[in-house]
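I opened this model to look up how its helices are buried and where empty space is left. My entries follow in the order in which I looked things up.

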Amino acid sequence: MRFLFGLLGILALALGLATAGLLVAAAASGMALTQPLGQLWFNLDSGSLNLAQATIERAIWPPLWQFGVFPLLQQPGLYVGLGALALALVFLLLARRRRGRDRKFR
């Protein structure tokens, strides 16, 4: 179970850090950080957004784009970044090994 929480925590952390990088680039360009994440990404680099969509839909799993990524891209970028980092913190805390309790059951 710890492995699953750790994996989800790392994925959420990667999403949060990628979103933070996108927000820094958007702020440097003078864009409002409360715009939808997809709009910020499109304004900064539309080619990579199109490549991400094509890769997910063709090579990974089409419903992942439709029901996972696309709804996230419609949310304000700042909220997605903060939410992903908070979720990463929760998952990583759940995945950490508790020294006192684990030794009792071995």
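**Helix α1 and what follows it**

I began just past the end of α1, where Gly 30 takes a positive phi of about 85 degrees. I keep in mind throughout that this is a predicted model.

I then checked the length of α1 itself: at 1.5 Å a residue its 27 residues should span 39 Å, and I find its end C-alpha atoms 38 Å apart, which agrees.

Going along α1 for burial, I listed Phe 5, Gly 6, Gly 9, Ala 12, Gly 16, Thr 19, Leu 22, Leu 23 and Ala 26 as its buried residues. I looked for what lies over these residues, and the cover includes α2 and α4.

**Thr 19**

I picked out Thr 19, which is found in helix α1, and asked whether it is buried or exposed. Thr 19 has a relative accessibility of 3%, and because the cut-off for buried is under 20%, I count Thr 19 as buried. Leaving aside residues up to four places away in sequence, I find Thr 19 touching Leu 37, Gly 77, Val 80 and Gly 81.

**Helix α4**

Three of those names led me to α4, where Gly 77, Val 80 and Gly 81 are buried, as are Ala 84, Ala 88, Phe 91 and Ala 95. The buried residues cover an arc of only 100 degrees around the axis, so I place them on the same side of α4. On the other side of α4 I noted Tyr 79, Leu 82 and Leu 89 as exposed.

I also looked up the partners of this helix, and the buried residues of α4 pack against α1, α2 and α3. The length check holds here as well, because the 19 residues of α4 should span 27 Å at 1.5 Å a residue and its end C-alpha atoms are 27 Å apart.

**The largest pocket**

Last, I turned to empty space, and I recorded about 580 Å³ in the largest pocket. Of the 23 residues lining this pocket, Leu 11, Leu 15, Gly 68, Val 69 and Leu 72 are the closest to its centre. I traced the lining back to its elements, and those that give two or more residues are α1 (2-28), α2 (37-60), α3 (62-73) and α4 (77-95).

Which element gives the largest share of the lining? I find that α1 does, with eight residues. Sorting the lining by character, I wrote down 21 nonpolar residues, two polar and no charged.

Methods. Residues numbered from 1 in each chain as written. Predicted model: local features only at pLDDT ≥ 70, side-chain atom pairs only at ≥ 80, totals over all residues. Heavy atoms only, no water. 1 Å grid on protein atoms, 1.4 Å probe; cavity = no way out; pocket = protein on both sides within 12 Å on 5 of 7 lines; lining within 4 Å. Points joined across faces, edges and corners; volume = space filled by probe spheres on them. Helix = DSSP H or I, 4+ residues; strand = E, 2+ residues; numbered from the N terminus. Nonpolar A, V, L, I, M, F, W, Y, C, P; charged D, E, K, R; others polar. Expected span 1.5 Å × (residues − 1). Buried < 20%, exposed > 50% of the residue type's maximum accessible area, 1.4 Å probe, protein only. Contact = heavy atoms within 4.5 Å. Arc of directions from axis to C-beta.
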